[in-house]
Amino acid sequence: MEPPHPPPSRGQLSSSSGGNFQHPNLLPRAHPTPSSLPIAEIGVGTTGFGIFFILFGILLYFDSVLLAFGNRHKLKGTSFFLGGVVIVLLRWPLLGMFLETYGFLSLFKGFFPVVFGFLGNASDIPFLSALFRRLQGTSSMV
């Protein structure tokens with residue numbers, strides 16, 4: 001019978017078992033794979049929801065009944081806005097931006113009174129009223 005060998009010192013390899021022994025500090029560590037982390041599972045879920053809602057939105061966007069119902073009275077604004085986009089892509093940016101602006105204003109002209117009504121009542125909102133009072137005290141433009 002052979003006497004037992006002393007354990008290898010740190011960083012040395014022992015050849016007593018046929019040269020296949022490696023020191024535990026030299027072995028590769030098992031790291032968690034990205035698919036086993038909870039944050040990856042959340043990311044996969046939110047990506048799935050995003051893809052679903054994009055496809056559902058495209059499906060609803062190309063629904064002929066919704067298109068006819070939504071754009072029947074806004075055809076002029078839509079055509080000016082999309083025409084402006086095409087003109088910008090054809091390298092006439094100033095004219096295209098004017099056409100887009102006119103189209104935007106004609107599309108959303110019914111929404112502007114709502115916005116201005118909200119901005120008129122914005123001083124009644126607690127956080128905004130404090131912000132407005134703080135900004136009124138500063139007269140510096142710099």
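## A tour from helix α1 to helix α4

Select F56 to begin: its relative accessibility is 38%, and it therefore counts as partly exposed, the limits for that class being 20% and 50%. The model you have open is a predicted one.

**The chain as a whole.** Before going further, colour the chain by secondary structure, which comes to six helices and zero strands. Followed from the N terminus, the elements run α-α-α-α-α-α. If you then colour the 142 residues of the chain by accessibility, the buried ones make up 8%.

**The rings of helix α1.** Return to F56 and show the aromatic side chains, among which the structure holds seven aromatic pairs. One of these is formed by F52 and F56, whose rings are stacked, with 5.9 Å from centre to centre and 10° between the planes. Where do F52 and F56 sit relative to each other in helix α1? They are four residues apart in this helix, which spans residues 38-61, and so about one helical turn separates them. F52, like its partner, counts as partly exposed, here because its relative accessibility is 48% and the class of exposed residues begins only over 50%.

Now add F49 and F53 to the selection, since ring pairs link F49, F52, F53 and F56 into a cluster. Extend the selection once more, to L59, L60 and L66, and show the surface: together with F49, F52, F53 and F56, these residues make a nonpolar surface patch of about 730 Å². Which helix gives the most to the nonpolar patch? It is α1, with six residues. One residue worth clicking in the patch is L59, which is found in helix α1 and is exposed, with a relative accessible area of 57%.

**A ring pair between helices α3 and α4.** Keep the aromatic side chains on display and move to F80 and Y102, whose ring centres are 4.9 Å apart; their planes stand at 80°, so this pair is edge-to-face. The pair links distant parts of the chain, as F80 belongs to helix α3 (residues 75-89) and Y102 to helix α4 (residues 93-107), with their positions 22 residues apart in the numbering. Both rings belong to partly exposed residues, the relative accessible area being 30% for F80 and 38% for Y102.

**A buried charge in helix α4.** Select E100 next, which has its place in helix α4. Is E100 buried or exposed? It is buried, yet it has no salt bridge, and the nearest side chain of opposite charge, that of R91, is 14 Å away. A salt bridge would need the charged atoms to lie within 4 Å. What the side chain of E100 does reach is the backbone nitrogen of V85, at 3.3 Å.

Click on V85 to follow that contact into helix α3, where this residue is found; V85 is partly exposed, with a relative accessible area of 30%. From V85, draw a distance to L99: the two C-alpha atoms are 8.3 Å apart in space, while the residues are 14 apart in sequence.

**The loop between α3 and α4.** Go now to R91, which lies in the loop between these two helices. R91 is exposed, with a relative accessible area of 75%, whereas E100 is buried. Look also at the backbone here, as R91 has a positive phi of about 70° although it is not a glycine.

**Last stop, S106.** Finish by selecting S106, whose place is in helix α4. With a relative accessible area of 16%, S106 is buried, because that class takes in residues under 20%. To see what its side chain meets, show the backbone of G103: the backbone oxygen of G103 lies 3.1 Å from a polar atom of the S106 side chain.

Technical notes: Residues are numbered from 1 along each chain as its sequence is written. Side-chain values use heavy atoms; hydrogens and water are left out. Rings of Phe, Tyr and Trp (its six-membered ring) pair if their centres lie within 6.5 Å; planes under 30 degrees apart count as stacked, over 60 as edge-to-face and the rest as tilted. Buried means under 20% relative accessible area, exposed over 50%, partly exposed in between (1.4 Å probe, protein chains only). Patches are made of residues with over 30% relative accessible area and no salt bridge: like charges are joined within 9 Å, nonpolar side chains (Val, Leu, Ile, Met, Phe, Trp, Tyr) within 5 Å. Accessible areas come from the Shrake-Rupley method with a 1.4 Å probe; for residues, only the protein chains shown count as cover. Lys and Arg count as positive and Asp and Glu as negative; His and the chain ends are not counted. A polar contact is a pair of N or O atoms within 3.5 Å; within protein, one must be able to donate a hydrogen and the other to accept it, and residues adjacent in sequence count only if both atoms are side-chain atoms.
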